[in-house]
Amino acid sequence: MTQSTKEKSQNGEVKPTSPNSDLKLDFNSFWSYSDAPESSGHIKLKEKYDLFINGEFVAGKKGRMMNTINPSTEKPLAEFTEATSEDVDAAVKSARKAYEKTWSKLSGKERGKYIYRLARMIQEHAKDLAIIESMDGGKPIRESRDVDVPLAAAYFFYYAGWADKLDYAFPGRKADPVGVCGQIIPWNFPLLMLSWKIAPALAAGNTVVLKPAETTPLTALKFAEICQDAGLPDGVVNIVTGAGPTGAAIVDHPDVDKIAFTGSTEVGKIIQKSLAGTEKKFTLELGGKGPNIVFEDAPIDQAVEGIINSIFFNQGHVCCAGSRLLVQEGISDKLLKKLKERMETLIVGDPLDKNTDIGAINSKMQYDKINEYLEIGVNEGATIHQSSVDIPENGYFCKPTLFTDVGQSNRIVQEEIFGPVLTIQTFRTPEEAIDKANNTPFGLAGGIWTDKGSKIFKVSQKIRSGVVWANTFNKFDPTSPFGGYKESGMGREGGLHGLYPYVNLK
Amino acid sequence: MSDRIEVLKTYKTYVGGKFPRSESGKTYPIKDASGSVIANACRCTRKDVRDAMLPARSAFGDWSGRSGYNRGQILYRIAEMLEGRKEQFIKELELGGMKAKAAAEEVNLSIDRLVYFAGWTDKYPQVFGTINPVASQHFNFTAPEPTGVVAIISTDESPLLSIVSQVAPVIAGGNSCVVLASETNPLVVVSFGEVLNSSDVPGGVVNILTGFRDEMLDHLTKHMDVNAVFNSIDNQETRKLIDLNASISVKRVHHYPVDSWFDEKHENPYLILEFQESKTTWHPAGV
């Protein structure tokens, strides 16, 4: 390892430090990583995917097809159907029929057993699902293998158990299902978001029509195959693929009782607007601009790991990402130095390589958007720093990026970038940190790093967001409610709270 | 003494713990059952809506930070104050055309409903909060927190019971609010402001505007500093307008059409929950 220059104190003497304190992380000169790609040769994708309606794959009425590509190679993976409003209507009818004829007639116990089956079969197909997720969406295999897919199975397993216990969920009330649920999910955690939506809906006795994102439809279509294999009654789960117009057809369908949407605040507002004046229930999980607050008394190396995880996990395509770092002045130089060093160790590249830390940006559109924000940041006068990592020539890749010298009103501080881009501001007092943390329209998640318990409680209570990670970041669990304050959405997913949007209380 | 001239009350609004007139200077006549004018109420406008938002937002920080126990005592204090001024409220409801017996029932139930919600302030977090048994080495819990500033649209029927039934769960949960009073009988609602003012409710927690709903509703529900809307006007056009305005800044909307505010079903903690956010906090458990 290389030696960095010793820090000097004000009188010029070398500061006493621990023996390892001035060692710099430098993995490459000491050893280097060999390629470790996950094999994908055995993955069987159809050339063309139909829509999954009423328990079978059916061609779209208009026969319009779309392509999904691998964002790390820009090569097409498969064709899928663009569902029209007629197709959506067929899916809603099938869901309504299943709701009335079969699913609502089943006892909670039996419903639960079906959902347990889905959980188990996701576990059985875990490896393939993880590989497909990484191919279709660009996320590192380590994350799809260790986070997305196991958690998706866990959500089904958790909610399966609620199906026959709903009488204990809401004191003083009986929980009736809502009916047919229209669900629209994003491209950042395709299978995981599917599980957040479908598992509680089915457990509460509803049937669903779900639309995956147009850049990542494959794991949802694989899940449709799992529903068939599990013998789930026809029409209980319907998967319709397509882009915005397909989603709008679901939102606008008069026979849908509830809409659940995860995606951008911009689209969330459009959905809320189009639901105005209707009786439909809805929940929205929207954007974020999460503050990650590091106090002087924080365990600094843990904090650095937490910051790396908060903004570079899943290429920063995380609605709850800690995209705004707030550092207390006294440690900002030291922290920034350590952070930059740690960034240098991040490997950007092939999503299927098990050593990859940061995979491909999900789509050309998102890639362009991130680059646009990098330009905006520079034009706003911020100082940009990117790691020196080599990125592949093909595919959509973005170097881990920091912006310093930013102001609270800068667009890169106020707007969600949804990429591996972190802004860094400093503060002096906890009050200032809280003010800055809350000074965006969002309120999804935030982080606090300090070794002082009372400070954690004080600050966490003042942060207006649905999730607070103290001395950790980006942790998820089926039992743990998730969702936003303010313009980050309404309603919770996960845990007991996640059942509430899927029931009518009597 | 029979020829003594009665001192008539000037009905104003209740904003930020004070009783200002409408900035517009406009009023509208409130008539009794026989059609004679009993008072002039303030006809508030867009400017009054905006002026009411400021104290509502400022009061939120302090009020939401109070302990449940403290908020409970203050809600109970409102009930005590109302009990003491019962006769005045019955009289005001009668002036609005209500029979004496019905007026007394409305006031009595308003008092009891305040006591009901006073009791919830330090209990609903236990009913709706959870400790979440996550699979990783973390301690994780979810607690309800108030949503923020709530716009309350109250009904013409049961003007006192309506505002009590809507304001009580909202402020019991630590929110502040801006209330559009009954249009036809706002007098009793303004008087309720006096009760609030003498009950240790901090100024700005409840703000009451009178006037024409059509002139205020749009501005109030569009306002970017409103976090949620609690609407009891059962009218499709009104509902749609509120929903559309809510979508501008992702406001939570609770439409709550009511047949009769006297029904006991309006006493439940789920009304508090409608104006709560759930915050989940994680911390590693280990050394």
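The following paragraphs lead through a predicted model of a complex, from its confidence values to the sheet shared by chains A and B and then to the nonpolar cores.

Residues are numbered from 1 along each chain as its sequence is written, and chains are lettered from A and ligands numbered from 1 in the order in which they are written. Because the model is predicted, local features need pLDDT of at least 70 and side-chain atom pairs count only at pLDDT 80 or more, whereas totals for chains, interfaces and linings use all residues. The predictor assigns the complex an ipTM of 0.94 and a pTM of 0.95. For chain B the mean pLDDT (the predictor's confidence in each residue, from 0 to 100) is 96, and 99% of its residues reach 70 or more.

An open sheet of ten strands, with mixed pairing, runs in the order 14(A)-15(A)-16(A)-13(A)-12(A)-17(A)-18(A)-10(B)-4(B)-3(B). Helices (H or I, at least four residues) and strands (E, at least two) are DSSP runs numbered from the N terminus, and two strands pair if DSSP finds at least two bridges between them. The edge strands, each pairing on one side only, are strand 14 (383-386) of chain A and strand 3 (130-131) of chain B.

Strand 18 (residues 467-470) of chain A deserves attention. On one side, strand 17 (residues 445-449) of chain A pairs with strand 18 in the parallel sense over four bridges, and A:G446 has A:V468 as its bridge partner. These two strands and helix 15 (residues 453-462) of chain A form a right-handed β-α-β unit; right-handed means that, with the strands pointing away from the viewer, the path from the first strand over the helix to the second runs clockwise.

Strand 18 of chain A also pairs with strand 10 (residues 276-284) of chain B, in the parallel sense over three bridges. The bridge partner of A:V467 is B:T280, that of A:V468 is B:T281, and that of A:W469 is B:W282. In a regular strand the side chains alternate between the two faces of the sheet. Here A:V467 and A:W469 point one way and A:V468 and A:A470 the other, and all are buried, that is, 20 or more other C-beta atoms, placed from the backbone, lie within 10 Å of their own.

The contact between the chains takes 29 residues from chain B and 36 residues from chain A, with contact meaning C-beta atoms, placed from the backbone, within 7 Å. Strand 10 of chain B supplies the largest share of its side, eight residues.

Away from the sheet, the largest nonpolar core has 92 residues. A nonpolar core is a set of buried Ala, Val, Leu, Ile, Met, Phe, Trp, Tyr and Cys residues joined through C-beta atoms within 7 Å. Helix 5 (residues 141-162) of chain A gives the most to this core, eleven residues. Among the residues with the most contacts inside it is A:Y159, which, leaving aside neighbours within four places in sequence, is in contact with A:I115, A:A199, A:P200 and A:A203. A second, separate core of 81 residues includes B:L161, B:I171, B:A172 and B:I208.

Note on methods: Buried ≥ 20, exposed ≤ 12 C-beta atoms within 10 Å, placed from the backbone. Contact = placed C-beta atoms within 7 Å.
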